[in-house]
Amino acid sequence: MTIKAEYIWIDGTEPSPLLRSKTKIVNNPHELPIWGFDGSSTNQAPGKASDCVLKPVFSCPDPIRGGNHLLVMNEVLLTDMTPHPTNTRRALAETMEKYADQEPWFGIEQEYTMFKGSRPLGFPESGGYPGAQGPYYCGVGADDIYGRPVVEAHMEACLQAGLNLSGINAEVMPGQWEFQIGPASPLEVSDQLWLARWLLHRIGEDFGISITLHPKPVRGDWNGAGAHTNFSTRAMRESYDAVITAAEALGKNADHHVLNYGDGIEQRLTGQHETAPYNEFNYGVSDRGASVRIPWQVEKEGRGYLEDRRPNANCDPYTVTRLIVDTCCAALASATA
Ligand code: ADP
Ligand code: MN
Ligand code: MN
Ligand code: MN
């Protein structure tokens with residue numbers, strides 16, 4: 001039985017990489033071979049030594065093509081089979097070898113903005129602005145909601161693919177939406193988030209809608225787009241002290257995290273629009289103006305998780321989850337040592 005396997009990978013575009021994919025006809029879907037591509041066309045190699053290697057790391061049913069067809073997420077390798085410099089997944093895998101015993105889980109809230117041509121969906125095509133923010137978040141009705149057919153198609157596709165989607169909602173700016181992946185392990189959540197992003201761009205094609213993960217797609221009094229990252233370890237799921245230890249640890253390493261939480265983060269983390277300034281750190285219960293929020297139920301129940309509100313929509317989840325695991329799991333390990 002031959003199937004179509006859509007090989008997906010992350011390219012070398014700077015400062016924010018793009019997703020790429022191409023189709024391989026595969027005879028045995030249980031043996032997905034390594035493959036290659038022209039790295040000189042993706043900012044990953046010079047023309048004279050252009051070959052890069054695709055190594056499958058995660059596959060799932062392809063909800064676009066249906067049947068037995070597959071979507072295949074890949075790591076990029078050099079031809080000597082070592083990780084390509086753009087391969088951020090490998091560093092996460094190495095960090096996880098150190099801290100797997102703490103059983104870290106993540107749930108990532110991916111915000112994004114739909115564009116029709118050069119305008120966000122819902123912004124008047126003739127120019128100018130829609131009514132001020134207020135009615136759009138979780139709204140209903142054609143005056144306030146734009147793009148729901150894309151959202152519904154994407155949600156259905158993620159479920160058919162077997163991704164760990166936990167929900168969707170309309171966001172504060174018109175044309176802006178969110179989906180959540182998780183909770184799951186760092187590698188699972190990150191592989192699935194990149195794949196869900198690919199599905200979103202791909203489904204947008206069918207509707208003539210382009211998707212941007214830009215952190216501040218419209219300047220001025222309009223919310224930016226983030227990727228709030230919810231995090232727990234087994235200890236945090238059992239004790240509030242551990243949640244506080246993790247929040248304090250994030251504060252001690254704040255600059256390093258923010259620098260790696262997505263390009264243009266200073267445009268979004270202004271201290272307005274439900275953010276804390278990028279160059280300050282604080283955490284608080286229920287506080288949507290904090291860098292890190294502890295949900296009220298977590299304080300009440302005395303255990304659970306925290307929400308790092310700083311990552312941008314255009315962040316790399318392999319890097320964000322690696323930094324959080326590195327910072328928090330080291331602190332948690334020494335707190336119990
Ligand atoms: P918000 O109230 O900030 O909009 P959401 O409901 O959009 O929150 O997202 C919360 C995310 O946190 C979900 O993806 C959920 O699966 C995840 N989550 C819940 N519990 C945990 C946990 N213990 N560890 C990590 N992530 C969790
Ligand atoms: Mn949310
Ligand atoms: Mn949101
Ligand atoms: Mn949130």
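In this predicted model, helix H5 passes helix H9 in a right-handed crossing. The axes of H5, which spans residues 240-252, and of H9 come within 9 Å and cross at roughly 130 degrees. Because angles from 65 to 115 degrees count as roughly perpendicular and those over 145 as roughly antiparallel, this crossing makes H5 oblique to H9. On the side of H5 the meeting is made by Ala242, Thr245, Ala246, Ala249 and Leu250, and on the side of H9 by Ile324, Thr327, Cys328, Ala331, Leu332 and Ala335. Sorted by class, the contact of H5 with H9 has 9 nonpolar and 2 polar residues, and no charged residues.

Helix H9 also packs with helix H1. The axes of H1 (residues 89-99) and H9 (residues 317-336) come within 9 Å and cross at roughly 25 degrees, and since angles under 35 degrees count as roughly parallel, H1 is roughly parallel to H9. The crossing of H1 and H9 is left-handed. In H1 the contact is made by Arg89, Ala91, Leu92, Thr95, Met96, Lys98 and Tyr99, while in H9 it is made by Tyr318, Thr321, Arg322, Val325, Asp326, Cys329 and Ala330. The residues of the contact of H1 with H9 divide into 8 nonpolar, 2 polar and 4 charged, whereas the contact of H5 with H9 has no charged residues.

The pockets and cavities are set side by side below.

| Space | Volume | Nonpolar lining residues | Polar lining residues | Charged lining residues |
|---|---|---|---|---|
| Largest pocket | about 660 Å³ | 12 residues | 14 residues | 10 residues |
| Second largest pocket | about 450 Å³ | 8 residues | 11 residues | 5 residues |
| Largest cavity | about 80 Å³ | 3 residues | 4 residues | 2 residues |
| Second largest cavity | about 40 Å³ | 7 residues | 2 residues | 2 residues |

The largest pocket is lined by 36 residues, and those that lie nearest its centre are Glu109, Glu178, Asn230, Arg293 and Glu307. Several elements of secondary structure each supply at least two residues of this lining, namely strand E6 (105-116), strand E8 (165-170), strand E9 (176-184), strand E11 (229-232) and helix H8 (296-301). Strand E6 gives the most to the lining of the largest pocket, with 6 residues.

The second largest pocket is lined by 24 residues, of which Pro15, Ser16, Pro17, Thr88 and Asp316 lie nearest its centre. Pro15 can be placed in the loop between strand E1 (3-10) and strand E2 (19-26), and the peptide bond that leads to Pro15 from Glu14 is cis, with omega near 0 degrees. A cis peptide bond with omega near 0 degrees is also found from Gly182 to Pro183, and the place of Pro183 is in strand E9, one of the elements that supply at least two residues to the lining of the largest pocket.

As for enclosed space, the count comes to 2 cavities of 30 Å³ or more. The largest cavity is lined by Ile10, Asn74, Glu75, Val76, Thr86, Asn87, Thr88, Arg89 and Tyr318. Strand E5, which covers residues 70-77, provides the largest share of this lining, with 3 residues. Two of the residues named here, Arg89 and Tyr318, line the largest cavity and also take part in the contact of H1 with H9. Thr88, another residue of the lining of the largest cavity, is one of those nearest the centre of the second largest pocket.

The second largest cavity is lined by Tyr136, Asp144, Ile145, Tyr146, Ala170, Glu171, Met173, Pro174, Gly175, Gln176 and Trp177. Its lining divides into 7 nonpolar, 2 polar and 2 charged residues, whereas the lining of the largest cavity divides into 3 nonpolar, 4 polar and 2 charged residues.

One further backbone feature concerns Glu103, which has a positive phi of about 50 degrees although Glu103 is not a glycine. Glu103 lies in the loop between helix H1 and strand E6; H1 is the helix that is roughly parallel to H9, and E6 is the strand that gives the most to the lining of the largest pocket.

Definitions and conventions: Residues numbered from 1 in each chain as written. Chains lettered and ligands numbered in written order. Predicted model: local features only at pLDDT ≥ 70, side-chain atom pairs only at ≥ 80, totals over all residues. Heavy atoms only, no water. Axes fitted to C-alpha atoms, helices over the stretch in contact; angles between N-to-C directions. Helix = DSSP H or I, 4+ residues; strand = E, 2+ residues; numbered from the N terminus. Left-handed = near helix turned anticlockwise from the far one by under 90°. Contact = heavy atoms within 4.5 Å. Nonpolar A, V, L, I, M, F, W, Y, C, P; charged D, E, K, R; others polar. 1 Å grid on protein atoms, 1.4 Å probe; cavity = no way out; pocket = protein on both sides within 12 Å on 5 of 7 lines; lining within 4 Å. Points joined across faces, edges and corners; volume = space filled by probe spheres on them.
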